[in-house]
Amino acid sequence: MIDYNPKEWLRYIFYFQKADTVRKLTPLILTIGVYSAVLSYLILIYWRIGENTDLKNISLMHSLLGFVISMLLVFRTNTAYDRWWEGRRQWGALMNISRNLALKVNALLDGSDLEEKMFFQTMIANYAYSLKNHLRGIYKSDEFTDCQLFGKSDLNIHDHIPNQIAAAIFSRVITLQKKGTLLPEHTILLNNQLEEFTNICGACERIKNTPIPLSYSSFIKKFIFFYCLTLPIGYVFSLHFLVIPFVMFVFYILASLEVIAEEIEDPFGDDSNDLPIERICKGIQTSTAALLR
């Protein structure tokens, strides 16, 4: 995620970072510009179609459909942003739950239970990193920290790693209860945080694995494409060759909204506008290390 000052207007009007939609859409913008230039040349120079032709009335269609396409794009953008914000809420909840679990475990365990505290300190951070990698469909062994009670050799990397870590944490709590280190009421006290690990994982998986329906996404792309393809025909008689930059600009605006929505609807990746998951994981690791002493 890119950190920026939203009050700096001039800087971000003329600044184009690597993931900006201008860079992504440049080939398509140039293609639509060439198409508009060729069509304008054919209509104005080669075929010499006069302004009394009925083709200029195509612009009425664009006026009628402009409201429709704007509503579709607003709904598309809002839907994508809702997914992005829901993902941020879930990772914020993971941060709070990790801190609460660390606070409670630190209070319930004696100062001599250093091995047990180190287990929870390590595994809580491991859960955050494993969830991040799970949502990205990868496994990074260097982001898993071994401890005496659980290590990389205990993991099945071909299975659901966050579930394995959550199960290990819960099993350790039950083991401490059976040993008498924790009382049954202590287990009940910790149960809410332990359950929320899996709840958050499930919510993130729901966001990750439920994209916008294909028919809806495909329809918007087709709508934008054919809308812009017919723009030169309707406006070339009034704008002449100025219709070329006009169509390019309209296509950039409409297509950019779709590209932005595509990027933020999956907020767990490593794109510039995705959630700062690495920073959150680091914060969880730092917080648990400070709380479990």
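This is a dialogue about how to read one predicted model, from its overall form to single residues.

Visitor: What should I know about the model and its numbering before I begin?

Guide: This is a predicted model, in which local features need pLDDT of at least 70 and side-chain atom pairs count only at pLDDT 80 or more, while totals for chains, interfaces and linings use all residues. Residues are numbered from 1 along each chain as its sequence is written, and side-chain values use heavy atoms, with hydrogens and water left out.

Visitor: How many helices and strands does the secondary structure of the chain come to?

Guide: Helices (H or I, at least four residues) and strands (E, at least two) are DSSP runs, numbered from the N terminus. In this chain there are nine helices and zero strands, and the pattern along the sequence reads α-α-α-α-α-α-α-α-α. The radius of gyration is 27 Å, well over the 19 Å that the globule rule gives for 293 residues, so the chain is more spread out than a compact globule. That radius is taken over C-alpha atoms, and the globule rule is 2.2 Å times the number of residues to the power 0.38. The C-alpha trace spans about 95 × 35 × 35 Å along its principal axes.

Visitor: What percentage of the residues of the chain count as buried?

Guide: Buried means under 20% relative accessible area, exposed means over 50%, and partly exposed lies in between (1.4 Å probe, protein chains only). By that scheme 43% of the 293 residues count as buried. As for contacts, which means heavy atoms within 4.5 Å, residues 24 or more positions apart account for 77% of those in the chain with a separation of 6 or more.

Visitor: How many salt bridges does the count come to?

Guide: A salt bridge is a side-chain nitrogen of Lys or Arg within 4 Å of a carboxyl oxygen of Asp or Glu, and by this rule the count comes to 13. One of them pairs Glu 258 with Arg 76, with the closest N and O atoms 3.2 Å apart. This pair links distant parts of the chain, since Glu 258 belongs to helix α8 (residues 243–264) and Arg 76 to helix α3 (residues 58–108), 182 residues apart.

Visitor: Are the partners Glu 258 and Arg 76 buried or exposed?

Guide: Glu 258 is buried, with a relative accessible area of 4%, and Arg 76 is buried too, with a value of 1%. Glu 258 also meets Lys 221 in a salt bridge at 2.8 Å, N to O. Lys 221 lies in helix α7 (residues 214–239) and Glu 258 in helix α8, so this pair ties together parts that are 37 residues apart in sequence. Lys 221 itself counts as partly exposed, at 36% relative accessibility. Through shared partners, salt bridges join Arg 76, Lys 221, Glu 258, Glu 262 and Glu 265 into one network.

Visitor: Which residues is Ser 217 in contact with, leaving aside its neighbours within four places in sequence?

Guide: With those neighbours left aside, Ser 217 is in contact with Arg 76, Ile 212 and Glu 258, two of which, Arg 76 and Glu 258, are members of the network just described. Ser 217 lies in helix α7 and counts as buried at 11% relative accessibility. Its C-alpha atom is separated by 8.6 Å from that of Arg 76, although the two residues are 141 residues apart along the chain.

Visitor: Where do the partners of the salt bridge between Lys 179 and Glu 116 lie?

Guide: The closest N and O atoms of Lys 179 and Glu 116 are 3.9 Å apart. Lys 179 lies in helix α5 (residues 161–179) and Glu 116 in helix α4, so the pair ties together parts that are 63 residues apart in sequence. Lys 179 counts as exposed at 53% relative accessibility, whereas Glu 116 counts as buried at 6%.

Visitor: What does Gln 121 touch, not counting residues up to four places away in sequence?

Guide: Gln 121, whose place is in helix α4 (residues 114–136), touches Thr 288, Ala 289 and Leu 292 when those sequence neighbours are not counted. At 19% relative accessibility, Gln 121 counts as buried. Gln 164, found in helix α5, is buried with a relative accessible area of 16%. Apart from its neighbours within four places in sequence, Gln 164 is in contact with Asp 154, Leu 155, Asn 156 and Asp 159.
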